[in-house]
Every structure is written in C-alpha cells, then in structure tokens.
Amino acid sequence: MSKKDLTKEQEQLARFAKAMGHPVRIAILQLLASQTCCYHGDMSEILPVAKSTLSQHLNELKDAGLIQGTITLPTVKYCIHRGNWETAQRLFSAFFKDIQFDSDCES
C-alpha cells in the first residue's frame, strides 16, 4: 500500500475539530450562533472563565476561521464566520456520513 498525502479537506476538518475541542469553545460558538454578535466583555460575564482565558479561546476559534472579530476600541465584537461555518458543516457532515463500520470490529 502506498502512502497518500492528506487532502486539503482533511487538514481543514482537523483544524476545525481542534478549535472546537474544548467545552468553553463549544459554549462560545453556541452563544454566538444564538445572536447576531457579542462583545468580549459580555461573554466574560456569561461564561465561567477569566477574561484572559476567554481571549485565548476566542483567538483559537478566530485562528481556525470559525469566528471573526471587529475591533472598535475599547471593545471587540465577535460573530460566527458564516462562510467558514458552512464549510465546517459540510466537512463534518460528509465525514460522519462516509464513516462505515465493519460489523466484525465490534467488541
């Protein structure tokens, strides 16, 4: 069997999955999905983490492209990046749909 290079879709899906791999980040995404936008200060009052920790989680989501932020000093407004979110939905959906289980592999 010869080695295959990873596809762009595999790499992008892994990046999205890594960014979503923490409960606080899931909570951030759910919060942002439930409204048009949200300010960093407002999120820090809702979510059970310190402001500096929240900033780190927001940066991870932003670096992955799942959210975007607009800086209007002294505040930062965040929202879901709709185009990348649609890409993430498509990639995750295809990933879960394509997984086939071998009935001989169950414990």
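The following legends describe close-up views of a predicted model. Residues are numbered from 1 along each chain as its sequence is written, and side-chain values rest on heavy atoms, with hydrogens and water left out. Because the model is predicted, local features need pLDDT of at least 70 and side-chain atom pairs count only at pLDDT 80 or more, whereas totals for chains, interfaces and linings use all residues.

**View 1. The salt bridge between Glu60 and Arg15.** A search of the whole structure finds one salt bridge, a term that denotes a side-chain nitrogen of Lys or Arg within 4 Å of a carboxyl oxygen of Asp or Glu. Its partners are Glu60 and Arg15, whose closest N and O atoms are 2.6 Å apart. Glu60 belongs to helix H4 (residues 51–64) and Arg15 to helix H1 (residues 8–19), so the pair ties together parts that are 45 residues apart in sequence. Helices (H or I, at least four residues) and strands (E, at least two) are DSSP runs, numbered from the N terminus. In general, side chains of opposite charge can pair when their charged atoms come close.

**View 2. The surroundings of Glu60 in helix H4****.** Glu60 has a relative accessibility of 17% and counts as buried, while Arg15, with a relative accessible area of 26%, is partly exposed. Buried means under 20% relative accessible area, exposed means over 50%, and partly exposed lies in between (1.4 Å probe, protein chains only). Apart from neighbours within four places in sequence, Glu60 is in contact with Arg15, Lys18, Ala19 and Arg25; contact means heavy atoms within 4.5 Å. Asn59 also has its place in helix H4, and at 41% relative accessibility Asn59 counts as partly exposed. The C-alpha atoms of Asn59 and Ala19 are separated by 9.5 Å, although these residues are 40 residues apart along the chain.

**View 3. The packing of helix H2 against helix H4.** The axes of helix H2 (residues 23–33) and H4 come within 10 Å and cross at roughly 70°. H2 is therefore roughly perpendicular to H4. Axes are lines fitted to C-alpha atoms, for helices over the stretch in contact, and angles run from 0 to 180 degrees between N-to-C directions. Angles under 35 degrees count as roughly parallel, over 145 as roughly antiparallel, 65 to 115 as roughly perpendicular and the rest as oblique. From H2, the contact involves Val24, Arg25, Ile28 and Leu29, and from H4 it involves Leu54, His57, Leu58, Glu60 and Leu61. Sorted by class, this contact of H2 with H4 comprises six nonpolar, one polar and two charged residues. Ala, Val, Leu, Ile, Met, Phe, Trp, Tyr, Cys and Pro count as nonpolar, Asp, Glu, Lys and Arg as charged, and the others, Gly among them, as polar.

**View 4. The packing of helix H1 against helix H5.** H1 and H5 pack at an angle of about 105°, and their axes are 10 Å apart. These two helices are therefore roughly perpendicular to each other. On the H1 side, Glu9, Gln12, Leu13, Phe16 and Ala17 meet Asn84, Thr87, Ala88, Leu91, Phe92 and Phe95 of H5. By class, the contact of H1 with H5 holds seven nonpolar, three polar and one charged residues. Phe92 of this helix touches Leu13, Phe16, Ala17 and Met20, not counting residues up to four places away in sequence. The C-alpha atoms of Phe92 and Ala17 are separated by 8.8 Å, with their positions 75 residues apart along the chain.

**View 5. The aromatic cluster of Phe92, Phe95 and Phe96****.** A search of the whole structure finds two aromatic pairs. The rings of Phe92 and Phe96 have centres 6.4 Å apart and planes at 20°, so this pair is stacked. Rings of Phe, Tyr and Trp (its six-membered ring) pair if their centres lie within 6.5 Å; planes under 30 degrees apart count as stacked, over 60 as edge-to-face and the rest as tilted. Phe92 and Phe96 are four residues apart in helix H5 (residues 82–98), a separation of about one helical turn. Phe92 is partly exposed at 21% relative accessibility, whereas Phe96 is exposed, with a relative accessible area of 58%. Phe95 and Phe96 form an edge-to-face pair, 5.3 Å centre to centre with 65° between the planes. Phe95 counts as partly exposed at 39% relative accessibility.

**View 6. The cis peptide bond from Leu73 to Pro74****.** This bond has omega near 10°. Pro74 lies in the loop between strand E2 (67–72) and strand E3 (75–80). In general, most peptide bonds are trans.
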